[in-house]
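Student: Could you walk me through this one with me? I'd like to start with where the chains touch and then move on to other parts.

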Amino acid sequence: MANKKEKHSFLSRLFGNRNKIMDSMIEEQVQSPGRMMLSNFLHNKLGMTGLIVFLCIFLFVLIGPYFFPLDLGYSDNTQSNVPPTNNMMTLPDGLKNNVKAIAPGTTFGVGCDNDGNVYIWGYTKITDVIDLANIPDEVKEAHIVDVAAGYDHVTALDDEGNLYVWGNTRLGQDMVPSELKPSRLSGPKNIVQIEAGYQFSGALDDQGNVYFWGNGNMADLDVKKDYQGHVKKFAISTYNYCLLLDDGSVVYGGLQASNAFTNIPANLSSGVVDIAASGDTMAAVSEDGTITVWGNSTHGETNVPQTESKPVDIYGGRYHYTALMENGDVISWGDNTHGQASVPDSVNNGEISTVFAGFYQNYAVTTDGDVKTWGLKGHALGTDDLGRDILTRIVNGGKTTMTVGAISVIIAIFIGVLLGGIAGYFGGKADMLIMRIAEIVGGLPFLPFALLLSAIIGTRVSVEMRMYLIMVVLGVLSWTGICRLIRAQILAEREKEFVVAAKAMGVREITIVFKHILPNVLSILLVEATLNFATCMLTESSLSYLGFGIAPPTPTWGNMLTGANNSVVIQQYWWRWVFPASIFGICTICINLMGDAIRDAVDPKSSER
Amino acid sequence: MAKYVLKRIGYLVVVFFIVSFLMYSLYNLIPSDPARAQLEEQKKSLKPEVYEQMYQDLRREMGLDDPLLLRYARWIGVAPDVNGEFNGLFEGNLGYSIFFKKNVIECIAEPIQTTIFINIFATILALGITIPLGIFCAVHKGSKFDNGVQVFTIIGYSIPVYIIALVFIFLFAVVWRIFPVSGMKTPGSNYTGLRAVVDQLYYFALPLIVMTFGSLGGMTRYVRASMIDALSMDHIRTARAKGVREKVVIYSHAWRNALLPVITLIISWFLGIFSGSVIIENTFNINGMGSLYIKALNNHDYELALAMQMFYTVVSLIGALITDLSYGLVDPRVRIDK
């Protein structure tokens, strides 16, 4: 037989065809115990499925964070509790090639076509009962020429000068001032511009008068009388507005004496051609093409890119600006979390006639009527109550959870093997002492004790230290099982002949324990480590779920589920718990399946059972 | 047997003192000063020297400057306190809760009943299902039913109990509206007698189902494994060869042997469920020991937390004792060995 030995590559050994029928004698001779275990494991369908799925999840959370980087401080109240969607920028068919106006809202878009029809798309539910998609009948009948989208309401203008507001109207968003209503005396008002902000709207008539209405608690809705009749354009930020007057100057129109916008840069006193506002800043374009940004810049709104061509129009999103150049090019800058500042190449290849930007979306209309979009499409797995993307948190949380699990297991194995080895081999007083300690530690009520340690020590250290602390606590509390197992195995192994032989050769005792005996218990250790890994992950997540583990904002699969135990979240915001719970469940199931399969592979007797 | 029992009890008493000392020193790591806290209100109205004098007096009165071991002995009730009285754990003084502003013993009187009730109830339910199921699977090992149960149990013990709770709340309380989402009794109700019991059971039903369901997986697997071990023993073959009826073989010859590991498991699992009910009680807003413990930790009410921690320790020690004793009862060999 020895002369008929075939050469195998490593790959074919691992995955090659091994259907050759061997009688039991040959099989015994050819297969080493290690290979036997491997082949046993490979033939266990459940175990292999577990391994493959686990590896997929593992790679997902290992590589994922590079694609979905986590910003710990991120939160966004406009995106809170949004279900899984990807249609926030999907134009309805009727609007394609027929766009009159588009207004991007927080999680929705609203638009009207040249025939006066209104369309709304994206996630339109504001509350249980308020849904922006329920367009009022009067709006459907009217010939709408312009639309504006606020945080939770939509304002529309028809060709007769009537204004319509729907959505959340509880705070006076629909209290259109009487001056704007068509009257018998002066006939219909000619409204030239409408905009909407946080629970308020504004309109400009052709006489240069501007009016604001809505919730004035947060927003500065009053207009200084001096400016009325001279307004050319106005721009609305979240709570404030600025006016572009007919003499080319920019002024702050409200009555608030000082805020981020009142201090208007000196170069804007004349020659301004266009103004726009983001959430917390304002921007103006001068005749010579310079763009000036002022206000509370938090996301790089002031970093205006240098361009060869002259910007002529400017549009503001929530944290970004988009400008249309003289040569038809489009540039965007500012916050790029959702890709709203990355203009696609296809936009600059075409001739752009106008751009509609708002919140996180940009719609560029080409001269032949086509609409190009860039920005936030939606959230694949929805968002949580602070507007954070669930997918990003799952990916990064998985990394934390697995790291914590793995390191705790390593600590547990280290302590367990060391103490178990000493106890098992040396016996006597050392054994007695170690096993009593193991009994005491094992007898401590695990979860309350871990809670206690985390509460006492965890509150006084930084978030990062706390994470290491959890790892150590889990490791220190869960070594007893491994210790007992190793001890029992070593007790059995140390009576065998090879140990006697090693002793006779004069090998040092410590070397016998850790070099001669330990490899024999390695396979069982592997089983225990795998199963322990799942347990540690479970414990960490339970601690985090109770609020005593890894503290938010660092995500873990456990603390993502904190606060999910009320009926509102369970029912209405199902995506907040279903996704983390299922990936975590699948992960632990796979690890346990793997552990079981390794156990079956290691212990040949178990397959007979 | 008596000697064996005494030995075990003696050992556990030693462990109790070690563990409780450990706990006490852990809680003493917390930088808190009850003397200063008590004087805080009067601080403004007093002169600094007078305040300092009162503070030092109070510290001495409270025995805060004494060595840790002495303070521990006082707390546990084996050493006289400053007034020369024994007033510690053993005398029934569990401390004073600064959050609830009453004695710890009053705080835990009601929660402890709730917790013990739901835990014992869940244990009985779980045992009633898992033991027959485990035996059946072991006897019909390899059948389709067995394989199905195997997969199901892996899922059962892999998923954390709070996820099971969320799914069950979703199904039973939100979709089908059979059970209430959380709470202990109908809000605003003032039922008495049987009506109150039924109402409470109605509210406890979902937590109990979740607890039972959460422990099915591990238990069934364990019962099955030890039963298979027992069934593969030689004496079973002998019994069958003698023509003993299959029922007798299974329930008398095999099950008696499988009982020993199962008892270990039941006890340790019973303890596990006690700590596991921390999660259940928090999820379902049940006023039990678990939620009280979390409340105590969250509000830095450490005297209460320490007392509750001792409760969990005592429960686990009693569990260990029962395990040992039942070993002795079930398996005569243990008694002789020791």
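**Where the chains meet**

Tutor: The contact takes 33 residues from chain A and 39 residues from chain B, where two residues are in contact if their C-beta atoms, placed from the backbone, lie within 7 Å. This is a predicted model, in which local features need pLDDT of at least 70 and side-chain atom pairs count only at pLDDT 80 or more, while totals for chains, interfaces and linings use all residues. Residues are numbered from 1 along each chain as its sequence is written, and chains are lettered from A and ligands numbered from 1 in the order in which they are written.

Student: Which helix of chain A gives the most to the side that touches chain B?

Tutor: That is helix 15 of chain A, with nine residues; helices (H or I, at least four residues) and strands (E, at least two) are DSSP runs, numbered from the N terminus.

Student: And what does helix 15 of chain A meet in helix 6 of chain B?

Tutor: Gly585(A), Thr588(A), Ile589(A), Asn592(A), Leu593(A) and Asp596(A) in helix 15 meet Ile154(B), Ile155(B) and Ser158(B) in helix 6 of chain B. By class, this contact has four nonpolar, four polar and one charged residues, with Ala, Val, Leu, Ile, Met, Phe, Trp, Tyr, Cys and Pro counted as nonpolar, Asp, Glu, Lys and Arg as charged, and the others, Gly among them, as polar.

Student: At what angle do the axes of those two helices cross?

Tutor: The axes of helix 15 (residues 575–602) of chain A and helix 6 (residues 144–158) of chain B cross at roughly 125° and come within 9 Å. Axes here are lines fitted to C-alpha atoms, for helices over the stretch in contact, and angles run from 0 to 180 degrees between N-to-C directions.

Student: New topic: what is the strand order in the open sheet of chain A?

Tutor: The order is 4-5-6, in an open sheet of three strands with antiparallel pairing, and two strands pair if DSSP finds at least two bridges between them. Strand 4 (144–149) and strand 6 (163–167) of chain A are the edge strands, each pairing on one side only.

Student: How many bridges join strand 4 to strand 5 of chain A?

Tutor: Five bridges join strand 4 to strand 5 (residues 153–158) of chain A, and Ala149(A) stands opposite Val154(A) in strand 5.

Student: Last one: how many helices and strands are there in chain B?

Tutor: Chain B has 13 helices and two strands, and its C-alpha atoms fill a box of roughly 90 × 55 × 35 Å, taken along the principal axes.
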